[in-house]
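Hello,

Here is the structure I promised to pass on. Please open it alongside this note; my findings follow below.

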Amino acid sequence: DWIKAAIEKGTIGKPRWMEARFLGFKRPRADSGVSFADSLHFIDLFNYLLGRLPRAVNASFADVLGRGMGDGSIISLDYEDAFASVQATYFMPGKERTGARYGDEATIVCDYAAGDGKIKLYKNRHYREDGSWKAQEGEVIIPDIPAGENLKLELEEFLTCVAERTRPRADARDGYNVVKVLE
């Protein structure tokens, strides 16, 4: 929610580019390729952050293991005035769950696998001066955000919605939209 609020307040300026990496050496799922298993999380996040679906999608898939499903993918999403990309594989050693949102005035980088300091706001920007582009680095701000495990937080919200009979932030329509984008 901090990232969504920051974008809506104009903290990064106009969102221009988003990218994400969902990488790790792990057992491939038997019921789907890596895009439906992993990339979908960031596609859902990008749709949420921008409040709309992409107008165009391009993707490359690699069936490295010969399973008939993508074991690696790069997905490009065109939101008309913003662009996004998601990379996912089952082969990279370690675990990487990172995302960045670039705007006219700043960049938000999030390491979803980190505990403290998972979000950093870089006050970097490009600007035009004397007919050429310049890159200006600024301060780095690490907002104080309570640590929490994402899946646990999602399940707690679900249980609260069931108990209070309220609508969750992410509902069946959001799930449908992610599948629509992936298809």
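**Surface patch and sheet**

Val 64, Leu 65 and Phe 91 make a nonpolar surface patch of about 260 Å². Bear in mind that this is a predicted model. Leu 65 sits in the loop between β2 (56-62) and β3 (72-78). Its relative accessibility is 46%, so Leu 65 counts as partly exposed; the band for that label lies between 20% and 50%.

Now the sheet. It is open, has 8 strands and shows mixed pairing. The strand order is β2-β3-β4-β1-β5-β6-β7-β10. β2 and β10 (140-141) are the edge strands, each pairing on one side only.

Two helices go with these strands. Helix α1 (residues 2-9) packs on the sheet. Helix α1 touches β1 (15-24), β5 (95-103), β6 (107-111) and β7 (119-122). The direction of α1 makes about 175 degrees with that of β6. Helix α2 (residues 34-50) lies across β1, β2, β3, β4 and β5. Helix α2 runs at about 155 degrees to β1.

Some strand pairs to look at:

- β3 and β4 (residues 83-89) are antiparallel, with 7 bridges. Ser 73 stands opposite Ala 88 in β4.
- β1 and β5 run antiparallel and are joined by 9 bridges. Arg 21 stands opposite Thr 98 in β5.
- β5 and β6 pair in the antiparallel sense over 5 bridges. They form a hairpin with 3 residues between them. Tyr 102 has Thr 107, in β6, as its bridge partner.

Best wishes

Definitions and conventions. Residues numbered from 1 in each chain as written. Predicted model: local features only at pLDDT ≥ 70, side-chain atom pairs only at ≥ 80, totals over all residues. Heavy atoms only, no water. Patch = residues over 30% accessible without salt bridge, like charges linked within 9 Å, V, L, I, M, F, W, Y side chains within 5 Å. Areas by Shrake-Rupley, 256 points an atom, 1.4 Å probe, with all protein chains shown as cover. Salt bridge = Lys/Arg side-chain N within 4 Å of Asp/Glu carboxyl O. Helix = DSSP H or I, 4+ residues; strand = E, 2+ residues; numbered from the N terminus. Buried < 20%, exposed > 50% of the residue type's maximum accessible area, 1.4 Å probe, protein only. Pairing = 2+ DSSP bridges. Contact = heavy atoms within 4.5 Å. Axes fitted to C-alpha atoms, helices over the stretch in contact; angles between N-to-C directions.
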